[in-house]
Amino acid sequence: MKNKIAKPFLKWAGGKTQLIGAIKSKFPFQQGDSFIYIEPFVGSGAVLFWVLNNYPNLKKAVINDSNTDLINTYKVIYNSVEKIIPLLRRWEKRYYDLSSSEEKKKEYYYFKRELFNKRISDTIIQAALFIFLNRTCFNGLYRVNKRNLFNVPVGSYKKPLICDAENLRAVSRILKKVTILNGDFERTINYGENKTCFYLDPPYKPLSATSSFTAYSKENFDDNDQIRLKKFCDNLVMLKFKWILSNSDVKAKNQENNFFDRLYKSYQVERVLAKRSINSNASKRGLLKELLITN
Ligand SMILES: C[S@@+](CC[C@H](N)C(=O)[O-])C[C@H]1O[C@@H](n2cnc3c(N)ncnc32)[C@H](O)[C@@H]1O
């Protein structure tokens, strides 16, 4: 049987599948090249999986995210995929069995959400809960409050795919090339060597004060972090690494807002069209301009 191609196993706000064409056109290495790929804000890893599937001579990849529950899920898939699959399969069956009763389904979802938020289960169960909630919650959002409690309500999907066993196995296999880190983006700098490309996809700067629809972690990523990230990019240049960074185009919303154009004035700033699929407000889904910045 032919091995299945690994793809993201989560829905994630800001997922980058839509931008892959544009990223490919800026990518500093060719298909046969041997290089290191580092993704400091990995989320669901749309670009990571694209790189892993398309650059067969990749030397290694390093991924990082500050979200501990997300990174635990990557590690469990890497180490114990055959233990997580039966759990997800069982919960999926149970969820489908309850699909005729909205009330029962809801009850089951909130029971799992409470268990996840207690964070007392072993790492395998926590990872399975993470995937279960991601698949069954409203719009696949990940949002926590200041106490790091996941607070997204139940979604309306009748039979969401909760256990994609073949993809989880493919992800587990392909992660063997990947070093998995959990912390602030800055520490990934130590993993670069000769011929390294960083893809940086931080939490986007909100387009307006009210448009910040998601909080991926209990700490916010504010303008000071955006500036800290620009300094990080300068340090990457000094070390002769290549980087590609995406962010929201705040200028498209407000012509006076030159935050990124000014911050990245010594680099190439390009505007590309991207389709945003996760927005809690349906009328705000659609085509948006985003920034792709490169050195
Ligand atoms: C826009 S999302 C990345 C989306 C990803 N490219 C994808 O395709 O799913 C930003 C990610 O940055 C993480 N994050 C937030 N602050 C961080 C920090 N200081 N260091 C590292 N990761 C951080 C969030 O947990 C979130 O997963």
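**Entry 1: helix 3 and helix 6**

I started with a helix pair: helix 3 and helix 6 (residues 165-174) pack with their axes 9 Å apart, at an angle of about 160 degrees. Note to self: this is a predicted model. With the cut-off for roughly antiparallel at over 145 degrees, I put helix 3 and helix 6 down as roughly antiparallel to each other, which follows from their angle. I also looked up the handedness, and helix 3 passes helix 6 in a left-handed crossing. On the helix 3 side, the contact is made by Ile77, Tyr78, Val81, Ile84 and Ile85. Helix 6 brings Ala165, Leu168, Arg169, Val171 and Ser172 to that contact.

**Entry 2: helix 4 and helix 5**

Next pair. I found helix 4 (residues 102-118) and helix 5 (residues 123-136) packed at about 140 degrees, with 10 Å between their axes. Roughly antiparallel needs an angle over 145 degrees, so I logged helix 4 and helix 5 as oblique to each other. Helix 4 passes helix 5 in a left-handed crossing. I listed who meets whom: helix 4 offers Tyr109, Lys112, Arg113, Leu115 and Phe116, and these meet Gln126, Leu129, Phe130, Phe132, Leu133 and Thr136 in helix 5.

**Entry 3: domains**

I checked the partition. Domain 1 takes in 17-65 + 192-207 + 223-294, while domain 2 is 70-166. Going by C-alpha atoms, the centres of domain 1 and domain 2 are 29 Å apart.

**Entry 4: the nonpolar core**

Which residues touch the most other members of the largest nonpolar core? I got Leu48, Ala61, Leu88, Phe132, Phe198 and Trp243, out of 69 residues in that core. Helix 3 (residues 68-97) is the element that gives the most to this core, with 8 residues. I then asked where the core lies relative to the two domains. Domain 1 and domain 2 both give residues to the core, so I place it between them.

I zoomed in on one of those residues, Phe198. Leaving out residues up to four places away in sequence, Phe198 touches Ile38, Pro40, Leu236, Phe241 and Trp243. Trp243 is itself on the list of residues that touch the most other core members.

**Entry 5: helix 2**

Last stop was helix 2 (residues 46-54), where I looked for buried residues and got Ala46, Val47, Leu48, Phe49, Val51 and Leu52. What do they pack against? I noted helix 1 (20-26), helix 6, and three strands: strand 1 (36-39), strand 2 (60-65) and strand 4 (196-200). Helix 6 is a familiar partner here, as I had already seen it pack with helix 3.

How values were computed. Residues numbered from 1 in each chain as written. Predicted model: local features only at pLDDT ≥ 70, side-chain atom pairs only at ≥ 80, totals over all residues. Core = buried A, V, L, I, M, F, W, Y, C linked by C-beta atoms within 7 Å. Buried ≥ 20, exposed ≤ 12 C-beta atoms within 10 Å, placed from the backbone. Helix = DSSP H or I, 4+ residues; strand = E, 2+ residues; numbered from the N terminus. Domains from an automatic or database assignment. Contact = placed C-beta atoms within 7 Å. Axes fitted to C-alpha atoms, helices over the stretch in contact; angles between N-to-C directions. Parallel < 35°, antiparallel > 145°, perpendicular 65-115°, else oblique. Left-handed = near helix turned anticlockwise from the far one by under 90°.
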